[in-house]
Each structure stands twice: as C-alpha cells, then as structure tokens.
Amino acid sequence: VDANKVHRTGYHFQPPKNWINDPNGPMYYNGVYHLFYQYNPKGAIWGNIIWAHSVSKDLINWIPLEPAIYPSKVFDKYGTWSGSATILPGNKPVILYTGIVDANKTQVQNYAIPANMSDPYLRKWIKPDNNPLIVADKTINKSQFRDPTTAWMGKDGNWRILVGSVRNHRGKVIMYKSNKEFMKWTKAKHPLHSAPGTGNWECPDFFPVSLKSKDGLDTSYNGKDIKHVLKVSFDVTRFDHYTIGTYDTKKDKYFPDNTSIDGWKGLRLDYGNYYASKTFFDSGKNRRILLGWANESDTVDNDVRKGWAGVHPIPRKIWLDSSGKQLVQWPVQELETLRKKKVQLNNQKLNKGEKVEIKGITVAQADVEVIFSFTSLDKAEPFDPSWADLYAQDVCAIKGSTVQGGLGPFGLLTLASKNLEEYTPVFFRIFKAHDKYKVLMCSDASRSSLKNETTMYKPSFAGYVDVDLADKKLSLRSLIDNSVVESFGAGGKTCITSRVYPTLAIFDKAHLFAFNNGAETITIETLNAWSMANAKLH
Ligand code: DQQ
C-alpha cells in the first residue's frame, strides 16, 4: 500500500493534498452549500494561507473550485485568514475576512463580494478598493484581532459583528456596528463579552437557538423563546468552548447563564481534536449546521512525508438540549446516503472481560450505532473527589479501557489490530459521586498506533455526559474513517473526535469489537454498523 494513502479519509472532507485548517464563510445560497477553508497551496504545513472553495448539494459530496480569496492587495498581502459569510437583504452574499497587511502580522477586517451573481457556484470574488473595512484602534492589540463572525441585524436595523481578540490574558469579542449599507463600521462601547485568564479568542461564533424546537434560527433572529450561544476557540487550550446565555439587546451585551463554567473548564463542542468551528443557518432545511477542523496529531515530519494535513469532521446539525443547559450535535442526515452493507447485533450480553467482534463490513471506514443497557447502577465505582479538579481527559488516562471497573468500561474498540497491538477504544464508565452518577465518555488514542515517535500526540480524550440514566441505557455512534474516529455519546450530548494512525489496523486488516470490562453485565440492545462508501471529495 501507498504510505501516503493509508490514513487518508474516505468520507471526511479533505483536498487531494496539502495543509488545510479552519472552515470559512460557510453558507447555503440558492440551493448550494459553500465551504471555503484555510489552505496552503504550497505544502503540508501551515503557511501561504488562501481561501480554497468547494460547493455541495448535500454537505457530504463536494465539487472543488478555484481559490476564492488570496493575497493580492495592500490590505491582505501577507495573508487571507478566517472569516464568515452574511447574506444581505436582496439575497446578496458578502464575506468578511481577516487580511494580514505586514510582516508583523497586523490584522484588518476586509470584505469580498461575488464577481458574477449569475454564476451558480460564485467562483470568482472581488475585494473592492474601499477595504479594509475595520482597522484596530490604539486600544487593540493589532496582531491579535481577527476572525469576523457572520453579521446579525439588531432591531435598530444596524448590523453587528464580533472580532476575536485578547488584552492582558482576557479573551474578548469586540463588537462593531454598521448601518444597513454594511460599509461603515464603528466599535461598540463594550465588547459583547470577555473572560479573564482565557487567552486569545479565535474564530468566535454567536447565534440564537430555540428553546422550543431543534430547528435552527437565522443569525439575526431575536424573537421569543430563544437563548444565545457564544462559542470561541481558545488559542491556549486548542479547544472550542461555549456558553449558553442571554443576549441583552438594549445593553448589547451577552450574559452567560451560570449553568456552566465560562472558561477553560466549561463546555466544549467536542472534547477531542476539533477547532476553529463555525455554524451557519441552512434556510433550505431550517437547521443550524456546525463545521469544524480536525488537525493531524502525527508529527510534522510525517505530515510533510505524506503530503497532506487536516480534515474536516462531518457537518453536524446543532441545537439546544431540552435541559437548556447544553447543545446537542448530530451528523447531518445526508451522511446516511453513504451507508452500504449493514450488519446488526441484537440482545447480545457482554459479561465482564468479554468482547464480540463486528464482522462483515469495512470496519476501517464505517458508521456504527449502538445502544447499551444494564439492569442496575449498583456496581458503579465511587468517583474519587480529587478527580473533580481534573479534566475528564486526565480521569480517562487513569481509568482506561483495560482498567476493570464496576459499571463499565464498556463500548467499542475501533481500528483494532487482530491481537490488539493497536486499538482506539471509545467507551463509557459510570461513577457514583456523592449525590449523582457521573458518566465519563472516552476516546483514547494512547494505544492507537505502534508508531512511537515521541512527539506524536496520543491523548486520552474524554468528556462527561450529562444524561439521565433512569432508563439504564447509553447510546454511542462512531464514524470511523481510516485516521478519524468521530464519536457521539447519548445522542450527541458529548462528542469526541480523535485522529489516529494505526500501522497494523488498516484497510481490511482493521477489526471492530464491542467490549465490557466492568463487573456489571452489559447488553447490546441493538448495534447497527454500515460500510461507508467514499464521498466525492475532489
Ligand atoms: N486560523 C486562522 C486564523 C485563526 C486561526 C489562520 C484558528 O484566522 O485565528 O489560518 O485556527
């Protein structure tokens, strides 16, 4: 096999070669989904960044187009960094992006518009000469001032956007307002929000979610029965953090609910390798869609050797959980068109130490949905109070899939070699804390590869799942794609994306098992697994 091809994805978005990072300016326009993304046309490491462009009818199969935005003017000569699209009244799309203007990485906010509105794919974009639209004033650190959001219109008819920044370790989103012409932006009196000790905030995203329905809302919607979500990418942790809160339109400020922590230990969109994400409102299907970026976790040398780096996780529908306390995400239903051969298990018991192999499909490129059940919570292990200060990830590193437990660990062993020299377990472990049960979900890369480069990143990613165990069931879905394991616990309440590089468990040498290493017997109520066809990615 061609070494460059081993870990390429079959249905997770990636171009034929070179480096990619953030999704940019996603939008649904005249029946077409547009994806722009940060791309290095010259190699497999970050640099020379342009906006590459692909379009799709289903968010799964993509048609590559020519680059849309690339350095060419004084206001973006040193780089065209991340940004967002807004569809203005009259059905006119406009892109806002960050231009790098000098070797000191001075950042300004620019706009671009389609050159030819009758081209259904909007291939060519113009950057008018009245750019930049926004430059940093003297209170702003001009090399940490980037990633404009989709604009929203307030009740006063003025547009608003956020730009990510930092001052004295206080991450913030600076708000700018413009009249309806969209061309004259002034800084608002206060940032929409900020938080101490969080470092630089990249790729902010600010959007309304419904308290009543899983449908999405237009970014400018500001009626009744909604909450707002502020998501920012923490430069320091490299995770996408969010809070749910109230947008006070009079003060033009955002107040997070105190149902989660507003900082490093708060909620994350994904507890794995997932960064610089961005949502958009899909008016075709009335849903909000989340796109993100999963970087390599192999060494830079290996990235260069294989000639590519970075993939995009599957686009996810995103909505507010009925508790109002967190978001829920699920792969877009269009993904299911790639499902081919199916195998099924029903009512299969797994006693302590048992595992069952799932055979008959291409398990290195598969979609697996499973519902586990158990008859009692009595055997749940005690939750060590000292773990309360740790990240879930640290608890997973202590209590891995082979450490026998009470209720769990149980789950899947993905991308496993025949004799388990390599495997990436995705599993649950249920603890009893003083007044409630705590469900830990792990996607543990520590034994994913026999490759042993010291700088290779093999984290024991994990998050807690805030789920009602009254029905004594837990569900898990994993999208396995050669070097991607993208998992959704409890219907998408906790999501974890891992990048792994097996050397034995590749193609038809990969195996898939369900396992239980806990004293409580676990039942696989149903397990459906499908071979996944290749998507048209290029
Ligand atoms: N990537 C872009 C920046 C952004 C960062 C540069 C996040 O605009 O802050 O490629 O990954």
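What are the helix and strand contents of the chain over residues 334-531, and how far apart are the end C-alpha atoms? In the predicted model, this stretch is 4% helix and 48% strand, with its end C-alpha atoms 15 Å apart. UniProt, in an unreviewed entry, lists residues 334-531 as "domain: Glycosyl hydrolase family 32 C-terminal". The annotation "domain: Glycosyl hydrolase family 32 N-terminal", also from an unreviewed UniProt entry, covers residues 12-331. Over residues 12-331 the chain is 2% helix and 49% strand, and 12 Å separates the end C-alpha atoms.

The secondary structure of the protein chain as a whole amounts to two helices and 38 strands. Its radius of gyration is 23 Å, which agrees with the value near 24 Å for a compact globule of 538 residues. Along the principal axes, the C-alpha atoms occupy a box of roughly 70 × 55 × 40 Å. Of the 538 residues, 51% are buried.

The ligand is surrounded by 13 residues, of which Q38, W81, S82, E202 and A276 come nearest. By character, the shell consists of five nonpolar, four polar and four charged residues. At least two shell residues are supplied by each of the strands β1 (18-29), β5 (80-88), β16 (201-210) and β21 (275-282).

Six strands form an open sheet with antiparallel pairing, in the order β26-β38-β28-β34-β35-β36. The edge positions are taken by β26 (339-350) and β36 (494-499); each has a single partner strand, so one side of each is left without a neighbour in the sheet. With direction ignored, neighbouring strands of this sheet are turned against each other by 15° on average. Within the sheet, β28 (residues 365-373) and β38 (residues 522-532) pair in the antiparallel sense over eight bridges. The bridge partner of A366 in β38 is S531. In general, the strands of a sheet pair through backbone hydrogen bonds, in either a parallel or an antiparallel manner.

The loop between β36 and β37 (511-516) contains D508. D508 has 8 other C-beta atoms within 10 Å and is therefore exposed, the limit for this class being 12 or fewer. G489 lies 19 residues from D508 along the chain, and the C-alpha atoms of the two residues are separated by 26 Å.

Methods: Residues numbered from 1 in each chain as written. Predicted model: local features only at pLDDT ≥ 70, side-chain atom pairs only at ≥ 80, totals over all residues. UniProt positions renumbered as here; feature names shortened; annotations may be inferred. Near = placed C-beta within 6 Å. Nonpolar A, V, L, I, M, F, W, Y, C, P; charged D, E, K, R; others polar. Pairing = 2+ DSSP bridges. Axes fitted to C-alpha atoms, helices over the stretch in contact; angles between N-to-C directions. Buried ≥ 20, exposed ≤ 12 C-beta atoms within 10 Å, placed from the backbone. Rg over C-alpha atoms; globule rule 2.2 N^0.38 Å.
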